[in-house]
Structures are given as C-alpha cells and as structure tokens.
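Grab a pencil and have the viewer open. Below are a few exercises, each followed by a worked solution.

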Amino acid sequence: GPGLLRALVTHRPDVAVVDVRLPPTFTDEGIRAAIEARAQVPGLPILVLSQYVEQLYARELLSDRAGGVGYMLKDRVSDVTQFVEAVRRVAGGRTAMDPEVISQLLA
C-alpha cells in the first residue's frame, strides 16, 4: 500500500489498475492508497479491482468526480474485451463501473 501510493504520486501513470487488497495485511491497503493518491493528484485515473463490493470505499472513490475512475469485480477481468474497454474509459477520463457495483451502491 505505501509503496503503491508513492509510485502513483511520483510516476502519475496514464491509468493505474489497483487491487483493493494489498500487502502487508491484504485488507484494504490498495483502495486506501488509490483514494489517497487521487486526493494528492486530482483526476489520477484509477481502475480498482475487487473480489466483492466495498461500498464505503467505492462511494469515496467515486465521490470526487475528478478524472477517470473505475471499479470492477475481479470475475469480470476474464472478459478481456470488457476489461480493456474499462481501462480505456478510465484512461480517457471517464467512468467504468461494474453493473454489480452500481446495483449494490443503489440498494
């Protein structure tokens, strides 16, 4: 998590694909690093991958409305066309949301 945050802020990639769970605890280091990186670099394009919807973090990630952002469930990554389209959308400054994420956020 801390290494990811430093890398995102320093290198400012065209798009970052980030897993919610990263070492050392494999809980929420990835999503926390993504949210903090977007706070430090507004509009930094980030596509988050997760096994399930982390509603609180998903809402926080989406709430700043600056630049490209996405949230996909990992089981959708195997659909390469859908995954590549999500990466392109986020890199282009748009939003890419998994339909299941939208459904759970609205429920």
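## Exercise 1: the core

Ile31, Ile46, Val48, Leu61 and Tyr71 touch the most other members of the largest nonpolar core, which has 21 residues. A nonpolar core here is a set of buried Ala, Val, Leu, Ile, Met, Phe, Trp, Tyr and Cys residues joined through side-chain atoms within 4.5 Å. Buried means under 20% relative accessible area, exposed over 50%, and partly exposed in between (1.4 Å probe, protein chains only).

Before you start, some ground rules: this is a predicted model, where local features need pLDDT of at least 70 and side-chain atom pairs count only at pLDDT 80 or more, while totals for chains, interfaces and linings use all residues. Residues are numbered from 1 along each chain as its sequence is written, and side-chain values use heavy atoms, with hydrogens and water left out.

Task: find which elements give two or more residues to this core.

Solution:
- Step 1. Look at the helices: α2 (29-40), α3 (55-63) and α5 (99-106) are on the list. Helices are DSSP runs of H or I with at least four residues, strands are runs of E with at least two, and the numbering starts at the N terminus.
- Step 2. Add the strands β1, β2 (46-50) and β3 (69-73).
- Step 3. The largest share, 4 residues, comes from α2.
- Step 4. Don't miss the second, separate core of 7 residues, which includes Leu47, Leu49, Ala86 and Val87.

In general, nonpolar side chains tend to be buried together in soluble globular proteins.

## Exercise 2: the strands

Task: work out which residues of β1 are buried, and how β1 and β3 pair with β2.

Solution:
- Step 1. Ala16 and Val18 point to one face of β1 and are buried, while Val17 and Asp19 point to the other and are not.
- Step 2. β1 runs parallel to β2, joined by 4 bridges. Two strands pair if DSSP finds at least two bridges between them.
- Step 3. β2 and β3 also run parallel, with 5 bridges joining them; here Ser50 stands opposite Leu73.
- Step 4. Now compare the faces of β3: Val69, Tyr71 and Leu73 on one side and Gly70 and Met72 on the other are all buried.

## Exercise 3: Asp19

Task: describe the surroundings of Asp19, a residue in strand β1 (residues 16-19).

Solution:
- Step 1. Check the record: an unreviewed UniProt entry places "modified residue: 4-aspartylphosphate" at Asp19. UniProt positions are in the numbering used here, feature names are shortened, and annotations may be inferred rather than shown by experiment.
- Step 2. Asp19 counts as partly exposed because its relative accessibility is 24%.
- Step 3. Leaving aside neighbours within four places in sequence, Asp19 is in contact (heavy atoms within 4.5 Å) with Gly30, Ile31, Leu49 and Lys74.
- Step 4. Leu49 is also the residue of β2 that stands opposite Asp19.

## Exercise 4: helix α3

Task: which residues of α3 are buried, and why do they count as being on the same side?

Solution:
- Step 1. Tyr57, Ala58 and Leu61 are the buried ones.
- Step 2. They lie on the same side of α3 because they cover an arc of only 100° around the axis, taken from the directions from the helix axis to the C-beta atoms.
- Step 3. These buried residues pack against α2, β2, β3 and α5.
- Step 4. On the face turned away from the buried side, you'll find the exposed residues Leu56 and Ser63.
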